[in-house]
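Trainee: I should like to request a close look at a single part of this model, together with the parts that surround it. Please proceed step by step.

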Amino acid sequence: MGRLDAKVACITGAGSGIGRATAELFAAEGATVVVQDLDLASAEETITRLVGAGHMSLGGDVSDEAAMNTVFEEIQGDHGRLDILVNNAGVFRLPGDGFDQVLAGEGPQIRHMGYEPFMRMLAIHVGGTFVCSRAAVPLMSDGGSVVNLSSIAGIAGWGPAHYAAAKGAILGLTRSLARELGPHRIRVNAVAPGVIDTPMVDDLDPAMLAPLIGMTPMGRTGEASEIASTILFLASDDGGFVTGQWISPNGGLITC
């Protein structure tokens, strides 16, 4: 018996990294998984790694309201319901956000960050979480679980301003939705990882990454599978009385 037997789960940004690891774990625990990603080919690659049958891959930009409404209409048409939503899709760098200037030693990133990439970061992380959650709720008529991916950047302010602002806003949205949806038996929680070995972290300059690992008491980056296990706890009945909370698997880099 798996912890997610007979459950239908949608994971955004599941074409790689934490999203892919979560899809693999959910499938192993008995869930039927909807693998959503901006890159449909990556989503389809994830599908090939899942045990079990009935999984589906869907493309689309999570910040595109019409595209995401279509995604959840397809879920309803194929499965008739949704039990779990993992709002995982996100990015760390965007063109014009000043990151290249920081790497070149040209001063604080905020000096070089354009308004458009700042707002685009919010649209992907906060807008995407909002749009997908809103579309998912009507499909959770028998209750459900929403898990939002935040970051230690949203807790401690580490990282560039647009990313920290977006991840911090997700924590506020999580608390609000937990209060609103609790009476409807829908739990809403967040996971705020530390430095995790994923393709997103691969974009970081080693000179920037090394100090973060050095400040981590466990002395290493986390694995995507370790974050997936945390998400599984919140998504499953193991976390049945947990809502409105955030958990930060970060190796002790920050404590609460």
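Mentor: In this predicted model, helix 7 covers residues 161-181. At 1.5 Å a residue, its 21 residues should span 30 Å, and the end C-alpha atoms are 30 Å apart, so expectation and model agree. The buried residues of helix 7 begin with His-162, Tyr-163, Ala-164, Ala-166 and Lys-167. The list continues with Ile-170, Leu-171, Leu-173 and Thr-174, and it ends with Leu-177, Ala-178 and Leu-181.

Beyond helix 7, the chain enters the loop that leads to strand 6, and Arg-185 is found there. Phi of Arg-185 is near 65°, a positive value in a residue that is not glycine. Most residues other than glycine have a negative phi. Arg-185 is also exposed, since its relative accessible area is 53%, and the cut-off for that class is over 50%. A second case is Ala-6, in the segment before strand 1 (8-11). Its phi is near 70°, again positive in a residue other than glycine, and Ala-6 is exposed with a relative accessible area of 60%.

The loop of Arg-185 leads to strand 6, which is mostly covered: 6 of its 6 residues are buried. Ile-186, Val-188 and Ala-190 point one way from the strand, while Arg-187, Asn-189 and Val-191 point the other way. Both sets are buried.

The neighbours of strand 6 may be taken in turn. Strand 5 pairs with strand 6 in the parallel sense over 6 bridges, and Ser-145 stands opposite Arg-187 of strand 6. Strand 9 also runs parallel to strand 6, and 2 bridges join them; here Val-191 stands opposite Ile-247 of strand 9.

These pairings belong to an open sheet of 7 strands in the order 3-2-1-4-5-6-9, with parallel pairing. Strand 3 (56-58) and strand 9 (246-247) stand at the edges; each has a single partner strand, so one side of each is left without a neighbour in the sheet. Further along the order, strand 4 (residues 84-87) pairs with strand 5 (residues 144-149) in the parallel sense over 4 bridges. Val-86 stands opposite Val-147 in strand 5.

Two helices that pack on the sheet complete this part of the picture. Helix 5 (residues 115-136) touches strand 4 and strand 5, and its direction makes about 170° with that of strand 4. Helix 10 (residues 224-235) touches strand 4, strand 5, strand 6 (186-191) and strand 9, and its direction makes about 160° with that of strand 6.

Helix 5 also has a helical partner. Two packed helices are described by the angle between their axes and the distance between the axes. The axes of helix 3 (residues 65-79) and helix 5 come within 9 Å and cross at roughly 35°, and the crossing is right-handed. From helix 3, Glu-65, Met-68, Asn-69 and Phe-72 meet Val-131, Cys-132, Arg-134, Ala-135 and Ala-136 of helix 5. The residues of this contact divide into 6 nonpolar, 1 polar and 2 charged.

Technical notes: Residues are numbered from 1 along each chain as its sequence is written. This is a predicted model: local features need pLDDT of at least 70, side-chain atom pairs count only at pLDDT 80 or more; totals for chains, interfaces and linings use all residues. Side-chain values use heavy atoms; hydrogens and water are left out. Two strands pair if DSSP finds at least two bridges between them. Contact means heavy atoms within 4.5 Å. Axes are lines fitted to C-alpha atoms, for helices over the stretch in contact, and angles run from 0 to 180 degrees between N-to-C directions. Buried means under 20% relative accessible area, exposed over 50%, partly exposed in between (1.4 Å probe, protein chains only). The expected span of a helix is 1.5 Å times one less than its number of residues. A crossing is left-handed if the near helix is turned anticlockwise from the far one by less than a right angle, and right-handed if clockwise. Ala, Val, Leu, Ile, Met, Phe, Trp, Tyr, Cys and Pro count as nonpolar, Asp, Glu, Lys and Arg as charged, and the others, Gly among them, as polar.
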